[in-house]
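User: Could you walk me through this structure, a question at a time?

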Number of protein chains: 2
Amino acid sequence: MSDAKASEAEVDPCCSGAPVAAIDEDDATQLASVFAALADPVRLRLYDLVCAAGEICSCDLQEPLGRSQPTISHHTKILADAGLITGEKRGRWVWWSAVPGRLAGATDALQAVRAR
Amino acid sequence: MSDAKASEAEVDPCCSGAPVAAIDEDDATQLASVFAALADPVRLRLYDLVCAAGEICSCDLQEPLGRSQPTISHHTKILADAGLITGEKRGRWVWWSAVPGRLAGATDALQAVRAR
DNA sequence: GTCATAGATCGAAGGTTGTCAATGTCTGAT
DNA sequence: ATCAGACATTGACAACCTTCGATCTATGAC
């Protein structure tokens, strides 16, 4: 099945031998969960709102996002589980803020392979 | 519902007035599709293999990823539709390569908001 | 032409996700 | 103690996603 190189070219186009997987399955699953958290338009706008505001209350997310309160709660939980935002409870309200470097760290883990 | 600021503090903690959404719904949907393409462990490793190899044949993806041929074809299509990889058909084989700057462009669109 | 192979497409099974109504829990005010 | 409000949780449903077997198309070898 993998005689493409042998029949098209004598030498491997990039390195040598079989391609080496830089990311193992566990790392891939971990990384994918971060991207999955941003794979929804509502969550992207939510994350954007949090970044733009620096700190924002859950109750102020409901109106601009146009979703019900349980749905907002659901999305903040997913973003928090992915480590992209963090919430602090003050009195009756929860204030959300972005975790610095978390998104950059995820993309770096992928892009780092190009530097080799 | 949004009297949190008024009751907890007199001044808005970051800017002033209602928070401004930096990303509109259409942009968010477009951006989310790029992240959705990377939100699967198999596709992440596939993208990683393509980046690491520079150029790689579909038939050489099947074995390291441990998925059937239709599944590999499905995933390459999703990554290609998202603009992350591009394929060139040569003879019987399709050679895939990463689209430079595509992933960085997506993350920049999100992170740019922090620079404001 | 005939045959073998690379890859795309189709259809189906099973799991996951986004959404909201209803309800529960906790906090601060009266 | 009682009440109202901010979030979390549960349950349900529709939509979507991942996967594979079967099949189709296209290309190169004989």
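User: How do the residues of the surface near DNA strand D divide into nonpolar, polar and charged?

Analyst: Happy to help; first, this is a predicted model, where local features need pLDDT of at least 70 and side-chain atom pairs count only at pLDDT 80 or more, while totals for chains, interfaces and linings use all residues. Residues are numbered from 1 along each chain as written, chains are lettered from A and ligands numbered from 1 in written order, and side-chain values use heavy atoms, without hydrogens and water. Near means that a residue has a heavy atom within 4 Å of the strand; Ala, Val, Leu, Ile, Met, Phe, Trp, Tyr, Cys and Pro count as nonpolar, Asp, Glu, Lys and Arg as charged, and the others, Gly among them, as polar. The surface has nine nonpolar, eight polar and six charged residues.

User: Which element gives the largest share of the surface near DNA strand D?

Analyst: Helices (H or I, at least four residues) and strands (E, at least two) are DSSP runs numbered from the N terminus. Five residues of this surface come from one element, the largest share: helix 5 of chain B.

User: Which oxygen of DNA strand D lies 2.8 Å from a polar side-chain atom of T71(B)?

Analyst: T71(B) is among the residues that come nearest to the strand. A polar contact is a pair of N or O atoms within 3.5 Å; within protein, one must be able to donate a hydrogen and the other to accept it, and residues adjacent in sequence count only if both atoms are side-chain atoms. The backbone of C59(A) also has an N or O atom 2.9 Å from a phosphate oxygen. For the T71(B) side chain, the partner at 2.8 Å is a phosphate oxygen.
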